[in-house]
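Dear colleague,

I am handing over the structure we spoke about, and I would be grateful if you could look through it with the notes below beside you. The notes follow the model topic by topic.

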Amino acid sequence: ICPEENTQLSGLYKSGSMYCTQCEAMGFRRITYYPDRPDNMAIFDSVRIEADKEAYPVLLGNGNKLEGGDVEGSEERHYAVWEDPFPKPSYLFCIVAGKLGS
C-alpha cells in the first residue's frame, strides 16, 4: 500500500496533509484482501491508528475510541484504538489522520 501514490481516492490515500480512506464501493480490497460484499458483515474492533503527533494530531476511526496516548518509547508518535461494535460491510470502514482543527 502506498497512499501517497494513490490518485484514485479509493482505499487508503493521502489528500493534502491528511490520510483518509474511501472504501465504497470496492476500496477496502485496495487496503487488504477481503470479500467486500454487502451481505458480508464484520465487527471492526481494535483498529489501531498510529502517527506522528505534530503532522497528524487527530486520529479518527469508526465507533468508539477505546484508548489513545503516546507510543511507548517515542516522544514524536501517538496512537488511538477504535472499536465499532456493530456489524457492517467493509465499504463503511473509515479512518482519517491529520490536522482537522482550524
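In which strand does Ser 15 lie? Ser 15 belongs to strand E1, and please keep in mind from the outset that the model is a predicted one. With a relative accessible area of 36%, Ser 15 is partly exposed, and its C-alpha atom is separated by 29 Å from that of Asn 40, a residue 25 positions away along the chain.

Strand pairing

Strand E6, residues 77–88, runs antiparallel to strand E5, residues 64–70, and six bridges join the two. Within this pairing, Glu 67 has Val 81 of E6 as its bridge partner, while Lys 65 stands opposite Trp 82, also in E6. The hairpin of E5 and E6 has six residues between its strands, and Gly 73 in that hairpin takes a positive phi near 85 degrees. E6 is also joined to E3 by eight bridges, again in an antiparallel arrangement, and here the bridge partner of Ala 51 is His 78 in E6.

Backbone angles

Two residues other than glycine deserve a look for their backbone angles. Leu 9 has a positive phi, near 55 degrees, although Leu 9 is not a glycine; this residue is found in the segment before strand E1, which covers 11–15, and Leu 9 counts as partly exposed because its relative accessibility is 46%. Ser 46, likewise a residue other than glycine, has a positive phi near 55 degrees, and Ser 46 lies in strand E3.

Aromatic residues

The structure holds six aromatic pairs. One of them is formed by Phe 28 and Tyr 34, whose rings stand edge-to-face, with 5.1 Å from centre to centre and 75 degrees between the planes. Are these two residues, Phe 28 and Tyr 34, buried or exposed? Phe 28 has a relative accessible area of 6% and is therefore buried, and Tyr 34, with a relative accessible area of 18%, is buried as well, because the cut-off for that class is under 20%.

Phe 28 also pairs with Phe 93: the ring centres are 5.3 Å apart and the planes meet at 75 degrees, so this pair too is edge-to-face. The contact links distant parts of the chain, since Phe 28 is in the loop between E2 and E3 and Phe 93 is in the loop between E6 and E7, 65 residues apart. Both Phe 28 and Phe 93 are buried. Taken as a group, Phe 28, Tyr 34, Phe 44 and Phe 93 form one aromatic cluster.

A further contact with an aromatic ring involves a charge: the charged end of Arg 48 sits over the ring of Tyr 79, at 4.1 Å from the centre of that ring.

Pocket and cavity

The largest pocket has a volume of about 150 Å³. Two or more residues of its lining come from each of strand E2 (18–22), strand E3 (42–52) and strand E7 (95–98), and E3 gives the most, with four residues. Which residues, then, line the largest pocket? They are Pro 3, Leu 12, Tyr 19, Cys 20, Arg 48, Ile 49, Glu 50, Ala 51, Tyr 56, Ile 95, Val 96 and Ala 97. By class, ten residues of this lining are nonpolar, two are charged and none is polar. Arg 48, described above as sitting over the ring of Tyr 79, is thus among the residues that line the pocket, and so is Ala 51, the bridge partner of His 78.

The structure also holds one cavity of 30 Å³ or more, and the volume of the largest cavity is about 30 Å³. Its lining is made up of Phe 44, Val 47, Gly 61, Asn 62, Trp 82, Phe 93, Cys 94 and Ile 95, of which six are nonpolar, two polar and none charged. Two members of the aromatic cluster, Phe 44 and Phe 93, are among the residues that line this cavity, and Trp 82, which stands opposite Lys 65, is another of them. Ile 95 appears in the lining of the largest cavity and also in that of the largest pocket.

With kind regards

Methods
Residues numbered from 1 in each chain as written. Predicted model: local features only at pLDDT ≥ 70, side-chain atom pairs only at ≥ 80, totals over all residues. Heavy atoms only, no water. 1 Å grid on protein atoms, 1.4 Å probe; cavity = no way out; pocket = protein on both sides within 12 Å on 5 of 7 lines; lining within 4 Å. Points joined across faces, edges and corners; volume = space filled by probe spheres on them. Nonpolar A, V, L, I, M, F, W, Y, C, P; charged D, E, K, R; others polar. Pairing = 2+ DSSP bridges. Phe/Tyr/Trp six-rings, centres within 6.5 Å; stacked < 30°, edge-to-face > 60°. Buried < 20%, exposed > 50% of the residue type's maximum accessible area, 1.4 Å probe, protein only. Lys NZ or Arg CZ within 6 Å of the ring centre and 35° of its normal.
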